[in-house]
Every structure is written in structure tokens, then in C-alpha cells.
Amino acid sequence: MRALASFSLGMASRKLIKVAAIVAFLYCTLLVYQGGVNYQPRVQVQELTVDSVTKSSVNNSDPINKITLDDLFISVKTTKYYENTRLPIILKTWFQLAKNQTWFFTDRDYQFHQIQTNGHMVNTKCSPTHSRNALCCKMAVEYDRYLESKKKWFCHFDDDNYVNVPRLVEVLQRYDYKKEWYLGRTSVYRPVLIYHKSKRSKKTKLKYSFWFGTGGAGVCLSRSLALKMLPFASGGRFISFCDNVRFPDDVSLGYLIENIMKINLTVVPEFHSHLEQMKLLDTDKLKDQVSFGYSLVKDEWNVVNVPGFDTRYDPTRFLSLHCFLFPHFKFCPR
């Protein structure tokens, strides 16, 4: 393990700076695309008051791997910039299915949401920007909080994700938390390639390649894998690791797990992000999916095609999606 640590934290800081153009292209393209999703939904905060659930929706009796909802630690990365736009939608919908298991990691204290979440808002003291350092800072706090929880699974999502909580529990039944699992969905069509120039030759040679699960679709780590990452990620070490490899949080996580932990990403097709065309998802199979995303690019919404509320009230379609999946909620049309 010491050899691995020396390898990653020593050599990476000097050699990985010389990343090939293809890496820069992939990375920049990804950030530019993600940066285009800032929006202000035309929904008033006061309209999204939280209703109680009329009956339980999560089946915790599946005996396959004896995983229940209580075995999950669900983290949502957010920021003060979205506390009145993105968060109210989550709090009204899927958060109601996992109140005790879901924690929000933000960058300021906001008493109103602390009350609504029963104290599940965590002020990370990180920057509210979308910079690499800010993203990695929040991920580091998420990881440490997960370790404290002693839960079997750590699942991270973004604040523009809708999570089908019962389906997430069902999908995790496929995997043994005692083994090392890195579950997610890629956002690129080929692995990230890292090159370096040899001192003895002018030729550029491929050094590493790896896949990463995009944070915008959701990523789940088993307890076994999370514990293996301790020397590189615990106690804020993940921030330094990101600085060394010069990647944002989800890409750095993939590099750490695939190249240092030697655990390959297991693609979960039920995970989805705004980097996909949401309208192409089959409406008849929405109940089988785990996560969904949305974005607004050039005045056009990339959203799931689902019947429900007027688009002026529900531009993200998350309210409509929630009522489609769980029509017993009080705010859903009868």
C-alpha cells in the first residue's frame, strides 16, 4: 500500500500535468456542457411545500443480500445558488422516500432547509463555485460523513438528479457490499487516456486509461471499497489527491478506484444524467430506472418525456415524474 501511495501522490504530481490533448478536450467539453445547465425554474418556492406520504413505498423485505433502505447513505451535492430552485423540488419528491438516509452537502447555513430536512443539511465550508477544488472539497466531506455512518453503501447524487429510491434499493441487491464495487454510468464514449513524454524519446506514449462514473448520474460505492480508499481519501486527503491528478471530483474518484485500487467501474444502465437525451427513455420503463437528470441548454429543456403538470409549473418534469411513479402523494393530481 505504501508503494501505491508513493506512486500516486509522488509521480502523479509531476507526470500527470503533461496530459495529452485528448484528455484536455474530454475534460473541458464535459465542464462546458455541465456549466450550461444553470437555470431558474419558473416554480415558486412557496408552491413546493412538503407534504407527508400517505403510505410506505419502499420494500425492505428483499432477502437476496439483506440490503434495506437503512443500509444506504445517500449524499446530494448542492450549493447556496440552488437552494431556492433545485432543492425544493427534491425535498417535495424523492427525499420524502428516504428522509433518514439522505444528506445534503452545501456551502452555507440555511435554517429553513435545516428544518425541512430535520437537520440533514451539512455546511462543508467549501467554496460555492463549480471549480475543481470546490467539487473535490465537498466530495471529501461526503466521504468522511459516510465513513462515520457505518452504512453498507455510499451513493452520491447531484442536486439535478431525481432518484427512484425503491428501485435503487432493488438494484443494490445485486451486489455484495462486502466486496469491492464501484457502480455508476459513464458520460464519455471511451476511457480517459493519459499520456506522457519519455525523457529518452520525443514520442508520446500512453500511460494510463480509465473509466469514471459521472456524478450527475449517481455513483455508489460498497463499504468494502470505501474502506480500501482510506489512505487516499479520508480526513480531507481526497482534496490533495484531486490537486495532484488535476481532475474534478468524479473523474478523480474514477482514477483512484480504477488505477490505484484496481477496481473496474461496473456500469449500471438504470442510472441516467442530463448528458443523455432524457426524452429517449421509454415511458413504460421509467419505473425500472434509478436516476434521472435534466438541463436547460439554449432555451431548450432536456427532460424526461412524462405526462403530468403544465410545463410552466414543472419545467424539469420531476414533479410529474414523481407522480407518475408514486401517484399516492397528496400533491399529485387525482
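How many helices and how many strands does the protein have? In this predicted model, the protein has 11 helices and 13 strands.

## Overall picture

Of the 334 residues that make up the protein, 54% count as buried. The protein exposes about 15400 Å², and carbon and sulfur atoms supply 52% of that area. Among contacts with a separation of 6 or more, 72% are between residues that lie 24 or more positions apart.

## Strand β1 and its neighbours

Strand β1, which spans residues 72–77, is mostly covered, with 6 of its 6 residues buried. The cover extends to both faces of β1: L72, I74 and V76 are buried on one side, and F73, S75 and K77 are buried on the other.

Two pairings involve this strand. With strand β4 (residues 153–158), β1 pairs in the parallel sense over 6 bridges, and within this pairing I74 stands opposite C155 of β4. With strand β2 (residues 102–106), the pairing of β1 is likewise parallel and runs over 4 bridges, and here S75 has W103 of β2 as its bridge partner. Between β1 and β2 the chain passes through helix α3 (residues 86–92), and this β-α-β crossover is right-handed.

## Salt bridges

Side chains of opposite charge can pair when their charged atoms come close. The structure holds 14 salt bridges, and the table sets out three of them.

| Pair | N to O distance | Separation in sequence |
|---|---|---|
| D159 and R86 | 2.6 Å | 73 residues |
| R174 and E270 | 2.5 Å | 96 residues |
| E180 and K228 | 3.7 Å | 48 residues |

The salt bridge between D159 and R86 has its closest N and O atoms 2.6 Å apart. Because D159 lies in the loop between β4 and β5 (162–163) while R86 belongs to helix α3, the pair ties together parts that are 73 residues apart in sequence. Both partners are buried, D159 as well as R86. Helix α3, in which R86 lies, is also the helix through which the chain crosses from β1 to β2.

Which parts of the chain does the pair of R174 and E270 link? The side chains of R174 and E270 meet at 2.5 Å, N to O, and they link the loop between α6 (165–172) and β6 (182–184), where R174 lies, with the loop between β10 (266–267) and β11 (291–292), where E270 lies. R174 has a relative accessibility of 43% and therefore counts as partly exposed, whereas E270, at 9% relative accessibility, counts as buried.

The side chains of E180 and K228 meet in a salt bridge with an N to O distance of 3.7 Å. This pair, too, links distant parts of the chain, since E180 is in the loop between α6 and β6 and K228 is in helix α7 (residues 223–228). E180 is partly exposed, with a relative accessible area of 30%, and K228 also counts as partly exposed, at 28% relative accessibility.

Beyond the individual pairs, salt bridges that share partners join R167, E170, R174 and E270 into one network. Through R174 and E270, this network includes a salt bridge that links distant parts of the chain.

How values were computed: Residues numbered from 1 in each chain as written. Predicted model: local features only at pLDDT ≥ 70, side-chain atom pairs only at ≥ 80, totals over all residues. Heavy atoms only, no water. Buried < 20%, exposed > 50% of the residue type's maximum accessible area, 1.4 Å probe, protein only. Contact = heavy atoms within 4.5 Å. Areas by Shrake-Rupley, 256 points an atom, 1.4 Å probe, with all protein chains shown as cover. Pairing = 2+ DSSP bridges. Right-handed = clockwise from strand over helix to strand, strands pointing away. Salt bridge = Lys/Arg side-chain N within 4 Å of Asp/Glu carboxyl O.
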